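Colleague: Please choose one part of this model and take a close look at it, describing how it is joined to what lies around it, and then set it within the chain.

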Amino acid sequence: MNNIEVNKVTSEDVLEKVFNIRRIVFVDEQNCPPELEWENEDVSTHFLATIDGTPVGACRWRKTDAGYKLERFAVLKAYRGRKVGQALVAAALADLPEDASYIYLNAQLDAMRLYAKFGFVAEGEQFEEAGIQHFKMVKH
């Protein structure tokens with residue numbers, strides 16, 4: 001029943017499923033401006049989480065000037081609390097290059113406990129991004 005699978009996106013039709021999940025969670029549910037949601041897509045490595053074949057979550061990582069940034073973690077409301085987020089974080093971390101020494105993300109406040117389980121630690125001041133409070137977190 002809770003058969004979570006996370007796969008790297010390798011085709012346009014699967015990428016559309018990722019974008020659909022992000023549209024539902026970020027744009028519709030969290031009211032993020034759509035123009036802020038769709039950036040750096042072509043330089044990111046995307047992942048899709050499914051449960052028994054149904055698309056339920058998504059995330060991505062990309063190389064930045066600072067290091068490797070994990071971002072756009074989204075899980076459909078009906079599937080939250082079922083370890084989909086954990087599976088996404090684990091898959092993204094496992095996919096990073098071996099030389100990825102500086103790994104970071106911007107965490108919404110209610111997701112900080114999840115990232116802390118993977119060794120991420122909050123740094124700096126709380127800030128607002130797309131109208132939502134965040135902390136930068138760095139993997140130690």
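Modeller: Two strands are said to pair if DSSP finds at least two bridges between them, strands being DSSP runs of E with at least two residues and helices runs of H or I with at least four, numbered from the N terminus. The model is predicted, so that local features need pLDDT of at least 70 and side-chain atom pairs count only at pLDDT 80 or more, whereas totals for chains, interfaces and linings use all residues. Residues are numbered from 1 along each chain as its sequence is written, and side-chain values use heavy atoms, with hydrogens and water left out.

The part I have chosen is strand 5, which covers residues 103-108 and has five of its six residues buried (under 20% relative accessible area, with a 1.4 Å probe and protein chains only). Strand 5 runs parallel to strand 4 (residues 68-75), to which three bridges join it, and in this pairing Ile103 of strand 5 stands opposite Tyr68. Together with helix 3 (residues 84-95), these two strands make a β-α-β unit that is right-handed, in the sense that, with the strands pointing away from the viewer, the path from the first strand over the helix to the second runs clockwise.

Strand 5 is also joined by five bridges to strand 7 (residues 132-139), and here the two run antiparallel, with Tyr104 standing opposite Val138 in strand 7.

As for the setting, the chain has four helices and seven strands, arranged from the N terminus as β-α-α-β-β-β-α-β-α-β-β. Of its 140 residues, 44% are buried, and its C-alpha trace spans about 40 × 35 × 30 Å along the principal axes.

How values were computed:
Buried < 20%, exposed > 50% of the residue type's maximum accessible area, 1.4 Å probe, protein only.
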